[in-house]
Amino acid sequence: MSDQESTSTSQTEGEMDGEMDEEMDEEMEDKGEKDERQSDGPVPSLSSFSSSLRAVIRIKQKYQAMKKRRQEMALGALGAPGTLTGLALRTSPKIFTFDGVAPSSFSTPSPPVPQRKKKRKRRRVLFPNRGRCRARPKQEHSRAKYCLYLLFAIVFVQVYNAIENLDDHVLRYDLEGLDKTLRREVFGQQGAVEGLLSHLKDYLSTYVHNKPLVVSLHGPSGVGKSHLGRLLAGHFRSVVGETLVLQYYVLHHCPQEADALECARDLSAIISEMVERAEEEEKIPLFVFDEAEHMHDEILDALLRLVAAKQSNEYLNAIYLLLSNLGHAHITKHTLHNSSSITASASGRHSNLMKELTPILRSSLEKLHPLWTEADVLPLSLLEKGHVMECFMDEMTREGFYPDHTNIERLAGEIQYYPEVGGRQYSQTGCKQVVAKVNLL
């Protein structure tokens, strides 16, 4: 009877051990899942560590309770009806041996109760935190960047407005129309025209200057100096008004040398009045001085005082154009001696002329008067026979004559020319006699 009890007790203990193992496995799996969920977080905290500790304590308490319940169940099975009383309670199963037992005392053993197999759940594979993808830390954007972008926008708008204002100031004087007029009306001086327009464009691009613009055109007689001055004065009259343009002819306004001092005073008063009026209207006046080779020293001194850089702001916004034949001998000699080496294009001839003649002309002009130290010198070259024919054609068209090519060649042949050099014939008087010969037709 004791063997059966011990067998049943051992079976009950095995079942309870299995249940306890399953419950502990479930508890451990739950704890593993919790730990996995907690490991997904960024960093384990004190609360997660305390929860793990509580789970361990709870598992231990549950295990002790299950162990105590198993002992109570084993005691209850031993004290059931039909069992021997007075036997000592055993906490462990009795070891069965064959020593001292008679063969007749063997009883038919009961068939063993099949034990239930434990079903072990598959545990989830936990990967280390190093292998898991973590979210990149957010980059904090500084607010100073927006201020920098705003500063860039303000600077861009200011520069754009400045460029627009410069364009508006240049458009007021219609330099494109002046360019077309000079190229159509002035013959053989395209290089000088380009240089003059370049100076005007640079100066008229803004209204604030540190000195007035002084341009001095030099060339032999008949090359178009006076004609160019008249065209420039007429254009400025149309854009700034009649009162802001002065054409000063020395032989007309001050023919006597004795009146030079008084002429200088009158000229200074006229220029001052025009400059003040132009300052009020925010415009730039033009002063054209033709036949500057006849200007007296008193007049040159007065002009030097007006164009000096130490003047007040209103005297700095003005354009002075000096027309003279000073230095014509240097220009004629250079053109005839270098005719064969000069390129065929007008711009090439003028660039060569400017490069070699400007230093020579400036040194000779500065010896005459210091006014030319403040001026930009532009030399005008001799006119070829083809240029003279263009002058005849233009004048005949103005007078209403039919521009017959044969007649134009005949008239152009009556003009005096220098000896042919490098396949070119240069006129000695330019287009100066064209008007007189056309009037004789």
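**Overall picture**

I began with the surface: the accessible surface of the protein chain comes to about 28,100 Å², and 55% of that belongs to carbon and sulfur atoms. I note at the outset that I am reading a predicted model. Of the 441 residues in the protein chain, 35% count as buried, and I found 15 helices and five strands along the chain. Turning to contacts with a separation of 6 or more, I see that residues 24 or more positions apart account for 76% of them.

**Nonpolar patch**

Next I looked for nonpolar side chains on the surface and found a patch of about 730 Å², made by Tyr 146, Leu 148, Tyr 149, Leu 151, Phe 152, Val 155 and Val 159. I checked one of these residues, Leu 148, which sits in helix H3 (residues 144-173) and is partly exposed, with a relative accessible area of 39%.

**Aromatic pairs**

I then went through the aromatic rings and counted four aromatic pairs. In one of them Phe 287 and Tyr 320 are stacked, with 5.1 Å centre to centre and 25° between the planes. This pair links distant parts of the chain, as Phe 287 belongs to strand E3 (residues 286-290) and Tyr 320 to strand E4 (residues 319-324), 33 residues apart. I find both Phe 287 and Tyr 320 buried, and I record that they form one aromatic cluster together with Tyr 248 and Phe 289.

**Helices H8 and H13**

For helix H8 (residues 260-281) I compared the length with expectation: its 22 residues reach 31 Å from the first C-alpha to the last, close to the 32 Å expected at 1.5 Å a residue. Among the buried residues of H8 I list Cys 263, Leu 267, Ile 271, Met 274 and Val 275. Just after H8, I noted that Glu 282 takes a positive phi of about 55°.

I repeated the check on helix H13 (residues 385-399), where 15 residues should span 21 Å at 1.5 Å a residue, and the end C-alpha atoms are indeed 21 Å apart. The buried residues of H13 include Val 388, Met 389, Phe 392 and Met 396, but also His 387 and Glu 395. Just after H13, Gly 400 takes a positive phi of about 90°.

**Salt bridges**

My count of salt bridges comes to 12. In helix H4 (residues 175-185), Asp 179 and Arg 183 are separated by about one helical turn, because they are four residues apart, and their side chains meet in a salt bridge at 2.7 Å, N to O. I find Asp 179 partly exposed at a relative accessible area of 22%, and Arg 183 partly exposed at 37%.

In H13, Asp 394 and Arg 398 are likewise four residues apart, so about one helical turn separates them, and their salt bridge is 2.9 Å, N to O. Asp 394 counts as partly exposed at 24% relative accessibility, whereas Arg 398 is exposed at 52%. I also traced a network of salt bridges that links Asp 394 and Arg 398 with Arg 184 and Glu 185.

Which parts of the chain does the salt bridge between Glu 374 and Lys 211 tie together? The two side chains meet at 3.6 Å, N to O. Glu 374 lies in the loop between helix H12 (346-368) and strand E5 (376-379), and Lys 211 in the loop between helix H5 (190-204) and strand E1 (213-218), so the pair joins parts that are 163 residues apart in sequence.

Conventions. Residues are numbered from 1 along each chain as its sequence is written. This is a predicted model: local features need pLDDT of at least 70, side-chain atom pairs count only at pLDDT 80 or more; totals for chains, interfaces and linings use all residues. Side-chain values use heavy atoms; hydrogens and water are left out. Patches are made of residues with over 30% relative accessible area and no salt bridge: like charges are joined within 9 Å, nonpolar side chains (Val, Leu, Ile, Met, Phe, Trp, Tyr) within 5 Å. Accessible areas come from the Shrake-Rupley method with a 1.4 Å probe; for residues, only the protein chains shown count as cover. A salt bridge is a side-chain nitrogen of Lys or Arg within 4 Å of a carboxyl oxygen of Asp or Glu. Helices (H or I, at least four residues) and strands (E, at least two) are DSSP runs, numbered from the N terminus. Buried means under 20% relative accessible area, exposed over 50%, partly exposed in between (1.4 Å probe, protein chains only). Rings of Phe, Tyr and Trp (its six-membered ring) pair if their centres lie within 6.5 Å; planes under 30 degrees apart count as stacked, over 60 as edge-to-face and the rest as tilted. The expected span of a helix is 1.5 Å times one less than its number of residues. Contact means heavy atoms within 4.5 Å.
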